[in-house]
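Trainee: I should like to request a close look at a single part of this protein, set in the context of the whole chain. Please begin with the overall picture and then turn to the chosen residue.

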Amino acid sequence: MLWFVISYLVVLFAYFITETSGKLYLRAPNKIILSSMFLIFALIQFQNYTFLSFHLLVMIALFMAFMGDVSLLFDMNRGGDFFLCANIAFVSYYLATIVNGGYGFGDFWWVLIPWFVLVATFIFLVQKFPNTLKLGKTKWPITFYLASIILHGVLGVALIVLFPNSPIALMGLGAILFMISDFILVIHKFIIRHNKWILRANSLFYFVGMLLIVLSMAL
């Protein structure tokens, strides 16, 4: 596991360079290798789970995230579709994990409060500052996507709160980093464009988040 983490971080560091190089022939294989690493590691760990169980949802989510990573290299909209599917699968898995842990809706209903506040805040900002957040016709599709990733992230908080001394909490932290990475991506795409450090921050939070999620499967 240690060598996997070291190798993963080395490839991620290389991606910080190729991602901002402006050369797709360098960026594409680097990103595909990086995404393949978390997916293959998860597949290996999944051998410890019962195939036809709710744990299959996390593999579906990771595969959709991998497909989203690859698709984003060539088509933003198609990549977003895959990541929306990934979020739905992750949310379903987190809910199944919480129920399997013996908890009911009354134990985590409070996640709806930050979810509503964050989604409402985004809608307000889009309506109030249309010249800053230049979303155009993508306003509502992006809002819908962000609603899904925010739910993904706040359920990650619930995993940390409900399973504080479990590897599940590590998965929850990964979910939060995943959510933050998409916030940063919105800033990069629609507010502060062509900033290499913002783009690198997006990749840092996303790929470290995915690393924590798959490591939680091993632990």
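How much area does the protein chain expose, and what percentage of it do carbon and sulfur atoms supply? Thereafter, please examine S203: is S203 buried or exposed?

Mentor: The model is a predicted one. In it, the protein chain exposes about 11,100 Å², and carbon and sulfur atoms supply 73% of that area. Eight helices and zero strands are found in the chain, so that the order of elements from the N terminus reads α-α-α-α-α-α-α-α.

As to overall dimensions, the C-alpha trace spans about 45 × 40 × 25 Å along its principal axes. The radius of gyration is 17 Å, which agrees with the value near 17 Å that a compact globule of 219 residues would have. Of the 219 residues, 47% are buried. Among contacts with a separation of 6 or more, 72% join residues 24 or more positions apart. The chain carries 12 positive and 6 negative charges, and the mean positions of the two sets lie 14 Å apart.

Against this background, S203 may be considered. S203 lies in helix α8, which comprises residues 196–218. With a relative accessible area of 2%, S203 is buried, because that value falls under the 20% cut-off. When neighbours within four places in sequence are left aside, the contacts of S203 are L12, Y15, F16, E19 and V208. Thus the close view of S203 comprises a place in helix α8, a buried position and the contacts named above.

How values were computed
Residues are numbered from 1 along each chain as its sequence is written. This is a predicted model: local features need pLDDT of at least 70, side-chain atom pairs count only at pLDDT 80 or more; totals for chains, interfaces and linings use all residues. Side-chain values use heavy atoms; hydrogens and water are left out. Helices (H or I, at least four residues) and strands (E, at least two) are DSSP runs, numbered from the N terminus. The radius of gyration is taken over C-alpha atoms; the globule rule is 2.2 Å times the number of residues to the power 0.38. Buried means under 20% relative accessible area, exposed over 50%, partly exposed in between (1.4 Å probe, protein chains only). Contact means heavy atoms within 4.5 Å. Accessible areas come from the Shrake-Rupley method with a 1.4 Å probe; for residues, only the protein chains shown count as cover. Lys and Arg count as positive and Asp and Glu as negative; His and the chain ends are not counted. The place of a charge is taken as NZ of Lys, CZ of Arg, CG of Asp or CD of Glu.
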